[in-house]
Amino acid sequence: QVRPVESGGDWVQAGGSLRVSCVVSESIFSVNHMAWYRQNQEKQREFVAIITRAGGSAAAESVKGRFTVSKDNAKNTLYLHMNRLKPEDTGIYYCNAASLPTMTPVYADWGQGTQVTVSS
(Lines give C-alpha, C1' and ligand atoms only; values in the text may rest on other atoms or scores of the structure.)
Protein backbone atom coordinates (compact mmCIF):
# COMPACT_ATOMS: atom_id res chain seq x y z
CA GLN A 1 0.00 0.00 0.00
CA VAL A 2 1.32 3.42 -0.95
CA ARG A 3 0.55 6.08 1.65
CA PRO A 4 -1.63 9.04 0.67
CA VAL A 5 0.09 12.40 0.16
CA GLU A 6 -1.76 15.36 1.63
CA SER A 7 -0.91 18.97 0.81
CA GLY A 8 -2.26 22.49 0.82
CA GLY A 9 -2.40 23.19 4.52
CA ASP A 10 -1.60 26.71 5.63
CA TRP A 11 -2.11 29.39 8.23
CA VAL A 12 -5.32 31.36 7.71
CA GLN A 13 -7.37 33.87 9.65
CA ALA A 14 -10.79 32.96 10.97
CA GLY A 15 -13.44 33.41 8.32
CA GLY A 16 -11.03 32.58 5.53
CA SER A 17 -10.96 29.72 3.04
CA LEU A 18 -8.51 27.01 2.12
CA ARG A 19 -8.39 23.93 -0.09
CA VAL A 20 -6.36 20.87 0.84
CA SER A 21 -5.59 17.97 -1.47
CA CYS A 22 -4.75 14.30 -1.13
CA VAL A 23 -3.22 12.13 -3.84
CA VAL A 24 -4.00 8.44 -3.43
CA SER A 25 -2.84 5.38 -5.30
CA GLU A 26 -5.19 4.36 -8.10
CA SER A 27 -5.72 0.92 -6.61
CA ILE A 28 -7.17 2.46 -3.46
CA PHE A 29 -8.91 5.45 -4.99
CA SER A 30 -10.88 3.54 -7.59
CA VAL A 31 -12.52 1.02 -5.27
CA ASN A 32 -13.09 2.89 -2.03
CA HIS A 33 -15.17 5.60 -0.50
CA MET A 34 -12.69 8.32 0.49
CA ALA A 35 -12.78 10.53 3.55
CA TRP A 36 -11.02 13.36 5.32
CA TYR A 37 -10.10 13.17 8.98
CA ARG A 38 -8.38 15.64 11.24
CA GLN A 39 -6.28 15.39 14.37
CA ASN A 40 -6.40 18.12 16.98
CA GLN A 41 -3.76 19.14 19.51
CA GLU A 42 -5.03 16.54 21.94
CA LYS A 43 -4.13 13.93 19.28
CA GLN A 44 -7.72 12.90 18.81
CA ARG A 45 -8.57 12.05 15.20
CA GLU A 46 -12.08 12.72 14.01
CA PHE A 47 -14.07 12.24 10.84
CA VAL A 48 -14.60 15.38 8.74
CA ALA A 49 -16.20 14.49 5.40
CA ILE A 50 -16.66 11.59 3.00
CA ILE A 51 -17.27 11.15 -0.71
CA THR A 52 -18.51 7.83 -1.97
CA ARG A 53 -17.44 5.91 -5.05
CA ALA A 54 -20.61 7.18 -6.74
CA GLY A 55 -19.92 10.79 -5.79
CA GLY A 56 -22.33 11.25 -2.91
CA SER A 57 -20.98 13.13 0.08
CA ALA A 58 -21.57 13.78 3.74
CA ALA A 59 -19.89 15.87 6.40
CA ALA A 60 -19.59 15.99 10.15
CA GLU A 61 -22.04 18.30 11.90
CA SER A 62 -19.21 20.58 13.00
CA VAL A 63 -18.29 21.42 9.41
CA LYS A 64 -21.57 20.94 7.56
CA GLY A 65 -22.39 23.92 5.39
CA ARG A 66 -18.78 25.16 5.50
CA PHE A 67 -16.69 22.28 4.12
CA THR A 68 -17.18 20.45 0.82
CA VAL A 69 -15.42 17.30 -0.32
CA SER A 70 -14.77 16.58 -3.98
CA LYS A 71 -12.56 14.34 -6.07
CA ASP A 72 -10.89 14.11 -9.46
CA ASN A 73 -10.97 10.49 -10.56
CA ALA A 74 -8.56 11.10 -13.42
CA LYS A 75 -5.94 12.40 -10.98
CA ASN A 76 -6.72 10.06 -8.07
CA THR A 77 -7.01 13.18 -5.97
CA LEU A 78 -9.33 14.07 -3.13
CA TYR A 79 -10.05 17.66 -2.15
CA LEU A 80 -11.48 19.39 0.89
CA HIS A 81 -12.77 22.89 0.31
CA MET A 82 -12.97 24.75 3.61
CA ASN A 83 -14.89 28.00 4.00
CA ARG A 84 -15.67 30.23 6.97
CA LEU A 85 -12.85 28.61 8.90
CA LYS A 86 -12.87 28.72 12.67
CA PRO A 87 -10.02 28.36 15.18
CA GLU A 88 -11.46 24.99 16.20
CA ASP A 89 -10.80 23.74 12.65
CA THR A 90 -7.09 23.86 13.43
CA GLY A 91 -5.44 20.48 13.09
CA ILE A 92 -3.62 18.06 10.87
CA TYR A 93 -5.81 16.89 8.01
CA TYR A 94 -5.50 13.38 6.61
CA CYS A 95 -7.29 11.32 4.01
CA ASN A 96 -8.02 7.62 4.06
CA ALA A 97 -10.42 5.15 2.55
CA ALA A 98 -13.52 4.85 4.70
CA SER A 99 -16.13 2.24 5.52
CA LEU A 100 -19.82 3.03 5.48
CA PRO A 101 -21.89 3.65 7.47
CA THR A 102 -19.45 4.03 10.36
CA MET A 103 -16.94 6.31 8.53
CA THR A 104 -14.21 4.14 10.02
CA PRO A 105 -10.82 4.48 8.32
CA VAL A 106 -9.92 1.42 6.29
CA TYR A 107 -6.13 1.47 6.33
CA ALA A 108 -3.83 1.59 9.32
CA ASP A 109 -1.07 3.41 7.45
CA TRP A 110 -1.68 7.14 7.23
CA GLY A 111 0.06 9.81 5.21
CA GLN A 112 1.97 12.66 6.81
CA GLY A 113 -1.08 14.90 6.83
CA THR A 114 -1.24 18.61 6.14
CA GLN A 115 -1.36 21.25 8.88
CA VAL A 116 -4.20 23.77 8.91
CA THR A 117 -3.94 26.57 11.44
CA VAL A 118 -6.78 29.05 11.90
CA SER A 119 -6.08 32.13 13.97
CA SER A 120 -8.75 34.17 15.69
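Over the ring of which residue does the charged end of arginine 45 sit, 3.8 Å from its centre? In this predicted model, the ring is that of tryptophan 110. Arginine 45 also lies over the face of tyrosine 94, where the distance to the ring centre is 4.3 Å. Arginine 45 is thus placed over two rings, those of tyrosine 94 and tryptophan 110.

These two rings also pair with each other. The model contains 3 aromatic pairs. A pair of aromatic rings is described by the distance of the centres and the angle of the planes. For tyrosine 37 and phenylalanine 47, the ring centres are 6.1 Å apart and the planes meet at 70°; this angle is over 60 degrees, so the pair is classed as edge-to-face. Tyrosine 37 belongs to strand β4 and phenylalanine 47 to strand β5 (residues 45–51), so the contact ties together parts of the chain 10 residues apart in sequence. Tyrosine 37 has a relative accessibility of 3% and therefore counts as buried. The pair of tyrosine 94 and tryptophan 110 is likewise edge-to-face, with 5.7 Å from centre to centre and 75° between the planes. Here tyrosine 94 lies in strand β9, whereas tryptophan 110 is found in the loop between β10 (104–105) and β11 (114–119), so the parts tied together are 16 residues apart in sequence. Tyrosine 94 and tryptophan 110 are both buried. Through ring pairs, Tyr37, Phe47, Tyr94 and Trp110 are joined into a cluster.

Charged side chains were examined next. Side chains of opposite charge can pair when their charged atoms come close. The count of salt bridges in the model is 5. One of them joins arginine 38 to glutamate 46, with 2.6 Å between the closest N and O atoms. The relative accessible area of arginine 38 is 5%, which is under 20%, so arginine 38 is buried. Glutamate 46, at 35% relative accessibility, falls between the limits of 20% and 50% and therefore counts as partly exposed. Arginine 38 also forms a salt bridge with aspartate 89, at an N to O distance of 2.9 Å. This second contact links distant parts of the chain: arginine 38 is in strand β4 (residues 33–39) and aspartate 89 is in the loop between β8 (77–82) and β9, 51 residues apart. Both partners, aspartate 89 and arginine 38, are buried. A network of salt bridges connects Arg38, Glu46, Arg66 and Asp89.

A further salt bridge is formed by the side chains of glutamate 61 and lysine 64, with an N to O distance of 2.7 Å. Glutamate 61 has a relative accessible area of 63%, which is over 50%, so this residue is exposed. Lysine 64, with 48% relative accessibility, counts as partly exposed.

The covalent cross-links were also listed. The structure contains 1 disulfide. The disulfide is formed by cysteine 22 and cysteine 95, whose sulfur atoms are 1.8 Å apart. Distant parts of the chain are linked by this pair: cysteine 22 lies in strand β3 (residues 18–23) and cysteine 95 in strand β9 (residues 91–99), at a separation of 73 residues. Cysteine 22 and cysteine 95 are both buried. Strand β9 thus holds cysteine 95 of the disulfide as well as tyrosine 94 of the aromatic cluster.

Definitions and conventions: Residues numbered from 1 in each chain as written. Predicted model: local features only at pLDDT ≥ 70, side-chain atom pairs only at ≥ 80, totals over all residues. Heavy atoms only, no water. Disulfide = S-S within 2.5 Å. Helix = DSSP H or I, 4+ residues; strand = E, 2+ residues; numbered from the N terminus. Buried < 20%, exposed > 50% of the residue type's maximum accessible area, 1.4 Å probe, protein only. Salt bridge = Lys/Arg side-chain N within 4 Å of Asp/Glu carboxyl O. Phe/Tyr/Trp six-rings, centres within 6.5 Å; stacked < 30°, edge-to-face > 60°. Lys NZ or Arg CZ within 6 Å of the ring centre and 35° of its normal.
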